[in-house]
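This report covers a ligand site, model confidence, the overall fold and one loop residue.

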Amino acid sequence: MTGFLPFGARAIMASRQEPPDSLNFFPTPPWATRAFVEHVALPVLGVRRHETVWEPACGEGHMAEPLAETFRFVAASDIHPYGYGKVADFLGPTDDVWPHWVFTNPPFPTGVDFARRAILVAERGAALLVRTQWLHTDERYELFTEHPPFLIAYYTERVPMHRGRWEPEGSTATDYCWVCWVHGAEPRPPMWIPPGQRQRLTRPDDARRFGRPAPAPLFGEGG
Ligand SMILES: C[S@@+](CC[C@H](N)C(=O)[O-])C[C@H]1O[C@@H](n2cnc3c(N)ncnc32)[C@H](O)[C@@H]1O
């Protein structure tokens, strides 16, 4: 795969432009990606650490960075210039990029297009983090009939996602799951990611790495 980008680009985020609401920027809590890697990607999908992974809707890197903690070659791109990864429309003309795997949390309205493109470009397979509600409707019925998922992995815990920022103490009433495709593999029964991952997989430096920097004060303190 071509187009790998170095990580640690979050330092230049101060110059980012706010994304329009239509892009559905809802960062993934880092622990949720780690739980996917540990319970689903490595043991069930069979992803190997040296294989190439593409996060094509990376936002500020909330999912790409935790993926890169385990996988050696992670590429990140997004249609909006967040100051992280390459700027590219995943649904635009097909690039010359053929990773082993595509993992992402896609924008809700174009999730089916993301799934179709991910299945097409990934050599080994793809997995999308979606609201459980996303599994329904006629459009998804067509997708799943044409491309039966290898696996659906449900979080038993809630995964709080907020527009535009990661809230370490956030809460939500929405349920999420991973829909996974592995080329050439027989579908297997659904699984449940065990509870307790949020506490176990949140790291002490996550707030510093993934939190939004506080705005600079307008005036000096103590005046
Ligand atoms: C739900 S957010 C997820 C962000 C990131 N994947 C994460 O998990 O933290 C969806 C992202 O999709 C991006 N996006 C929307 N349309 C896109 C497109 N056509 N191509 C690439 N990225 C797109 C948005 O800018 C936004 O960053």
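The ligand is surrounded by 22 residues, of which T28, A57, G59, H62 and N105 come nearest; a residue is near a molecule if its C-beta atom, placed from the backbone, lies within 6 Å of it. This shell consists of 13 nonpolar, seven polar and two charged residues. Nonpolar covers Ala, Val, Leu, Ile, Met, Phe, Trp, Tyr, Cys and Pro, charged covers Asp, Glu, Lys and Arg, and polar covers the others, Gly among them.

The model is predicted: local features need pLDDT of at least 70, side-chain atom pairs count only at pLDDT 80 or more, and totals for chains, interfaces and linings use all residues. Residues are numbered from 1 along each chain as its sequence is written. pLDDT is the predictor's confidence in each residue, from 0 to 100. The protein chain averages 89, and 87% of the residues score at least 70. Two stretches are listed below, with contacts defined by C-beta atoms, placed from the backbone, within 7 Å.

| Residues | pLDDT | Contacts |
|---|---|---|
| 1–14 | under 50 | 32 beyond four places in sequence |
| 216–223 | below 50 | zero beyond near neighbours in sequence |

The protein chain has six helices and eight strands, taken as DSSP runs (helices H or I, at least four residues; strands E, at least two) numbered from the N terminus. Their order along the sequence is α-β-α-β-β-β-α-β-α-β-β-β-α-α.

S171 sits in the loop between β6 (151–155) and β7 (176–182). It touches R158 and P160, leaving aside residues up to four places away in sequence. The C-alpha atoms of S171 and P160 are 5.0 Å apart.
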